[in-house]
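Work through these exercises with the model open beside you. Try each task before reading its solution.

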Amino acid sequence: MKHGLLLLLLSLGNGIFLSPSASAGVASFAATNQSITWTSLGGNAAGQGQSRVTWGSCVFADGITTCTVTAAYTGIGNGGTLTAVLAYAGNGLSPLTVTSITPGNDLVSASLSSGSFLITLTPTNGEAATFYQPSISLFFNTPTCTLSPTCSVGQVGLTAGATISGKMNGTFDATPVIRNSQGVISASAFGGFSALAPGSWMEIYGTNLATVISREWSGSDFNGNLAPSTLVGTTVKIGGLTAFIDYVSPGQVNAQVPSGVPSGPQPVVVTTAGGASLAYTITVKAVEPGLLAPAVFNLPAGQYVAALFPDAVTFVLPPISGAPTARAKPGDTITFYGVGFGPVTPDSPAGRIVTGENHLQATFRASFGGVSATVTFAGLAGGFLGLYQFNVVVPNVAASDSVAFTYSLDGVSGPQSLVIAIRN
């Protein structure tokens with residue numbers, strides 16, 4: 001099962017949000033066994049109060065401070081126990097810094113400058129789910145104030161040296177959210193387009209997209225040759241059809257678009273233990289071809305296409321320190337990889353490891369510096385999912401480290417601007 005290379009080639013990219021208002025996938029909570037203290041750092045240049053957060057029940061061990069707050073919650077499933085944990089290196093001040101925007105308001109927004117923050121929901125019935133994010137919002141009930149004219153969080157922030165403490169309460173929104181701008185794109189290492197094709201790969205960006213820090217698929221997630229359609233509780237649907245998932249994290253999910261998704265605007269929905277996201281609409285086309293050209297190959301001479309020599313190790317690139325590279329010469333056969341090039345014969349549906357011989361139905365052509373090349377193979381690569389392979393013979397062209405490489409599919413030029421290194 002050779003899907004490891006695909007994972008390496010596809011780019012990989014945390015999510016909790018505590019909100020003052022309830023919505024689907026929201027857990028309401030009130031901490032009854034811990035207090036939290038905000039110590040003022042004084043107002044900033046904009047006249048906003050800044051404070052430092054001190055959590056109760058902190059333990060310093062092995063160079064790490066871990067602070068824990070627990071509370072009962074309701075609103076997701078049958079309710080249960082919420083555990084909030086802040087962990088950071090050293091035994092100094094908490095890295096959580098608060099900016100209280102409006103004096104007199106008891107809502108506090110906090111950002112984490114280092115360390116990690118997570119919330120685990122342990123339902124009365126079911127498995128626990130953990131959510132990650134570098135920012136939080138909280139409330140106070142009947143807070144206690146020191147050195148402040150009022151008990152408002154904002155006033156405490158504006159008064160240097162003041163403190164406020166009390167029991168935490170609020171709401172935690174665990175609902176997956178796909179971000180509005182470029183929330184779904186085709187695989188970024190293959191062009192990162194704003195449209196998708198059936199069988200291609202997509203990257204989804206947002207918050208609360210998974211309940212683990214990160215997880216890639218493994219052999220045990222496959223059912224024979226069939227890829228997983230859920231990974232640690234995260235599922236994706238596009239056009240109402242279930243996608244196949246190879247990577248999840250709170251901020252990013254990578255998935256293969258299922259076969260049979262109709263062309264046109266289609267909804268993408270991510271579902272986790274926190275609920276289902278609002279649909280993100282993306283255009284689906286019959287084909288949306290892109291060749292592998294990762295950002296690390298964007299060098300001063302241009303964006304290099306990722307081509308491999310027959311040893312499957314050496315890249316066609318100018319010399320790069322620490323990497324196996326060589327320039328190709330006329331007559332060499334080199335291999336390119338792509339996604340979104342459309343159907344093959346015989347049919348090979350999405351979600352299944354390619355095991356048989358096949359060829360691309362559309363006509364793929366390649367050119368080096370405007371000179372047409374011979375394509376000896378075009379089709380899905382065996383042992384992978386949704387990864388196209390093109391074996392191409394380098395034509396007789398002038399030597400240069402920035403030879404323009406272009407390609408077309410059924411006469412339509414590919415959208416990428418690429419170069420390749422050629423010697424004579």
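**Exercise 1. Trace the partners of strand β39.**
Start from arginine 365: which residue of β39 stands opposite?

Solution.
Step 1. Arginine 365 faces serine 408 in β39. This is a predicted model, so read every value as computed.
Step 2. Place that pair in its strands. Strand β35 covers residues 364-368 and β39 covers residues 400-409. The two run antiparallel and are joined by 5 bridges.
Step 3. Look for further partners. Strand β41 (residues 418-422) pairs with β39 over 4 bridges, in the antiparallel sense. Here serine 400 stands opposite isoleucine 422.
Step 4. Add strand β40, residues 412-413. It pairs antiparallel with β39 over 2 bridges. Leucine 409 has valine 412 as its bridge partner.

**Exercise 2. Inspect the turn after β39.**
Which residue in the hairpin of β39 and β40 takes a positive phi?

Solution.
Step 1. Find the turn. The hairpin has 2 residues between its strands.
Step 2. Check phi there. Aspartate 410 takes a positive phi near 50°, although it is not a glycine.
Step 3. Recall the usual case. Most residues other than glycine have a negative phi.
Step 4. Check exposure. The cut-off for exposed is over 50% relative accessible area. Aspartate 410 has 52%, so it counts as exposed.

**Exercise 3. Find two more backbone features in loops.**
Where does valine 232 lie, and which peptide bond ending at proline 346 is cis?

Solution.
Step 1. Valine 232 lies in the loop between β18 (230-231) and β19 (234-238).
Step 2. Its phi is near 40°, a positive value in a residue other than glycine.
Step 3. Valine 232 has 35% relative accessibility and counts as partly exposed.
Step 4. Go to the loop between β33 (344-345) and β34 (359-360), where proline 346 is found.
Step 5. The peptide bond from threonine 345 to proline 346 is cis, with omega near -10°. Most peptide bonds are trans.

**Exercise 4. Describe strand β9 and its surroundings.**
How many of the 8 residues of β9 are buried?

Solution.
Step 1. Count the buried residues: 6 of the 8, so β9 is largely enclosed by the rest of the structure.
Step 2. Take one residue of the strand. Phenylalanine 117 sits in β9, residues 116-123. At 3% relative accessibility, phenylalanine 117 is buried.
Step 3. Compare sequence and space. Leucine 86 is 31 residues away from phenylalanine 117 in sequence, yet their C-alpha atoms are 4.7 Å apart.
Step 4. Look at strand β6 (residues 80-89). It runs antiparallel to β9, with 8 bridges joining them. Glycine 80 stands opposite proline 123.
Step 5. Turn to strand β10 (residues 129-132), which pairs antiparallel with β9 over 4 bridges. Isoleucine 119 stands opposite phenylalanine 131.
Step 6. Close the hairpin. There are 5 residues between β9 and β10, and glycine 126 in the turn has a positive phi of about 125°.

**Exercise 5. Examine two buried polar residues.**
What do threonine 335 and serine 249 touch, leaving out residues up to four places away in sequence?

Solution.
Step 1. Threonine 335 is in strand β32, residues 333-339. Buried means under 20%. Threonine 335 has a relative accessible area of 12%, so it is buried.
Step 2. List its contacts: Ala306, Ala307, Leu308, Gln389, Phe390 and Asn391.
Step 3. Single out the polar contact. The side chains of threonine 335 and asparagine 391 are joined at 2.9 Å.
Step 4. Serine 249 is in the loop between β21 (244-248) and β22 (252-256). At 6% relative accessibility, serine 249 is buried too.
Step 5. List the contacts of serine 249: Leu209, Ala210, Val212, Ile213 and Ser214.

**Exercise 6. Characterise the disulfide.**
Which cysteines does the disulfide join, and are they buried or exposed?

Solution.
Step 1. The count is 1 disulfide. It joins cysteine 58 to cysteine 67, with 2.1 Å from S to S.
Step 2. The link of cysteine 58 and cysteine 67 is right-handed, with 110° about the S-S bond.
Step 3. Cysteine 58 is partly exposed at 39%. Cysteine 67 is buried at 2%.

Notes:
Residues are numbered from 1 along each chain as its sequence is written. This is a predicted model: local features need pLDDT of at least 70, side-chain atom pairs count only at pLDDT 80 or more; totals for chains, interfaces and linings use all residues. Side-chain values use heavy atoms; hydrogens and water are left out. A disulfide is a pair of cysteine sulfur atoms within 2.5 Å. Buried means under 20% relative accessible area, exposed over 50%, partly exposed in between (1.4 Å probe, protein chains only). A polar contact is a pair of N or O atoms within 3.5 Å; within protein, one must be able to donate a hydrogen and the other to accept it, and residues adjacent in sequence count only if both atoms are side-chain atoms. Contact means heavy atoms within 4.5 Å. Two strands pair if DSSP finds at least two bridges between them.
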